[in-house]
Amino acid sequence: MSAPLWFATALTRSWTATYTRGLPAGQRSERCDEIDCDLWEHQRLADFEREPINGTAAAILLRFALGIPADVIWRMEAGSTARSGKGTTLNDTPIMRIGFLVAMLPLVALVANGIGIVLGGGEFDSRTEQIMWGLSFALMPLIAALGLWLCATRPKLGLGLVVSGTLISALLMYWMAFITVPIGLVIIGFAIKRSGLSIWPFNGPRPSATGVA
């Protein structure tokens, strides 16, 4: 298996393992098996049609990026079923679910943009430079998206990934800072709210020892 194809399949499987965490073992195993079967069928069809290996890897990466919103929706529905009969948390509310999807959209768009660069978008001095930049553009928002997901279960780790992923993405696209910085700050703000961590101004300033704000 070529390196690009291995990377594409490993990334897809890792994402599946991540968003199915916390589900009952049977449900999680069924979803992972479903994705593995889909990957196997995709590669067999590509072999049958004599598609170039790098083309197959690119197609899997594109499907992965475009499928993130659907995976998130599936996880929310599966999580709701698994939690039936239990108390409702802040992240289970409709407003937080909608906010999560809205925050994920620009990150998914950036991941797709990075994959587009890897596939040949933009002008670079060499193919190696193009791949490196493309992977950087795709990896940073992917880290932020992973962090946004983890904020509900591992707040500090999740928030750290969101902050690092969004800020580095903004730095990589410094010429679009007037867009990426405000959007990044909004995503970070939502991540703080989703994590439940006591960080001003989301949970209010802490009073001083003398009781004076």
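Of the 213 residues in this protein, 37% count as buried. What you have open is a predicted model, so treat this tour as a walk through computed geometry.

**The whole chain**

Start with a cartoon view and colour by secondary structure. You will find 7 helices and 0 strands, and reading along the sequence gives the pattern α-α-α-α-α-α-α. If you like contact maps, here is a number to keep beside yours: among contacts between residues at least 6 apart in sequence, 63% join residues at least 24 apart.

**Stop 1: H1 against H5**

Select residues 3-19, which make up helix H1, and residues 127-150, which make up helix H5. Two packed helices are described by the angle between their axes and the distance between the axes. For H1 and H5 the angle is about 15° and the axes are 11 Å apart. With angles under 35 degrees counting as roughly parallel, H1 and H5 are therefore roughly parallel to each other. Their crossing is left-handed.

Now show side chains where the two helices meet. On the H1 side, pick Phe-7, Leu-11, Thr-18 and Tyr-19; on the H5 side, pick Leu-135, Leu-142, Leu-146 and Trp-149. Colour this set by class and you get 7 nonpolar residues, 1 polar and no charged.

**Stop 2: from H1 across to H2**

Stay on H1 and select Arg-13, then add Asp-36. These two form a salt bridge, with the closest N and O atoms 2.8 Å apart. The pair links distant parts of the chain: Arg-13 belongs to helix H1 and Asp-36 to helix H2 (residues 25-48), 23 residues apart. How accessible are the two partners? Arg-13 is partly exposed, with a relative accessible area of 38%, and Asp-36 also counts as partly exposed, at 29%.

The structure holds 5 salt bridges, and the next stop visits two more of them, in H2.

**Stop 3: along H2**

Select Arg-31 and Glu-34. Their salt bridge has its closest N and O atoms 3.7 Å apart. Both residues lie in helix H2, 3 residues apart, about one turn of the helix. Switch on a surface and compare the partners: Arg-31 counts as buried because its relative accessibility is 10%, under the 20% cut-off, whereas Glu-34, at 46%, counts as partly exposed.

Move further along H2 to Arg-44 and Asp-47. Here the closest N and O atoms of the salt bridge are 3.1 Å apart. Because Asp-47 and Arg-44 are 3 residues apart in helix H2, they are separated by about one helical turn. Both partners are partly exposed: Asp-47 has a relative accessible area of 47%, and Arg-44 has 34%. Before leaving, add Asp-71 to a selection of Arg-31 and Glu-34: salt bridges that share partners join these three residues into one network.

**Stop 4: H6 against H7**

Next, select helix H6 (residues 155-172) and helix H7 (residues 177-195). How do they pack? The angle is about 180° and the axes are 9 Å apart. That makes H6 roughly antiparallel to H7. From H6, show Pro-155, Leu-159, Val-162, Val-163, Thr-166, Leu-167 and Ala-170; from H7, show Thr-180, Val-181, Gly-184, Ile-187, Ile-188, Ala-191, Ile-192 and Ser-195. By class, this contact has 11 nonpolar, 4 polar and no charged residues.

Zoom in on Thr-180, which lies in H7. Is Thr-180 buried or exposed? At 15% relative accessibility, Thr-180 counts as buried. Setting aside neighbours within four places in sequence, Thr-180 is in contact with Ala-170 and Met-173.

**Stop 5: Leu-172**

Finish at Leu-172, a residue of helix H6. Leu-172 is buried, with a relative accessible area of 18%. Which residues does Leu-172 touch, not counting those up to four places away in sequence? Select Trp-133, Ser-136, Phe-137 and Met-140 to see them. For a last distance label, draw a line between the C-alpha atoms of Leu-172 and Ser-136: the two are 36 residues apart in sequence and 8.3 Å apart in space.

Key. Residues are numbered from 1 along each chain as its sequence is written. This is a predicted model: local features need pLDDT of at least 70, side-chain atom pairs count only at pLDDT 80 or more; totals for chains, interfaces and linings use all residues. Side-chain values use heavy atoms; hydrogens and water are left out. Axes are lines fitted to C-alpha atoms, for helices over the stretch in contact, and angles run from 0 to 180 degrees between N-to-C directions. Helices (H or I, at least four residues) and strands (E, at least two) are DSSP runs, numbered from the N terminus. Angles under 35 degrees count as roughly parallel, over 145 as roughly antiparallel, 65 to 115 as roughly perpendicular and the rest as oblique. A crossing is left-handed if the near helix is turned anticlockwise from the far one by less than a right angle, and right-handed if clockwise. Contact means heavy atoms within 4.5 Å. Ala, Val, Leu, Ile, Met, Phe, Trp, Tyr, Cys and Pro count as nonpolar, Asp, Glu, Lys and Arg as charged, and the others, Gly among them, as polar. Buried means under 20% relative accessible area, exposed over 50%, partly exposed in between (1.4 Å probe, protein chains only). A salt bridge is a side-chain nitrogen of Lys or Arg within 4 Å of a carboxyl oxygen of Asp or Glu.
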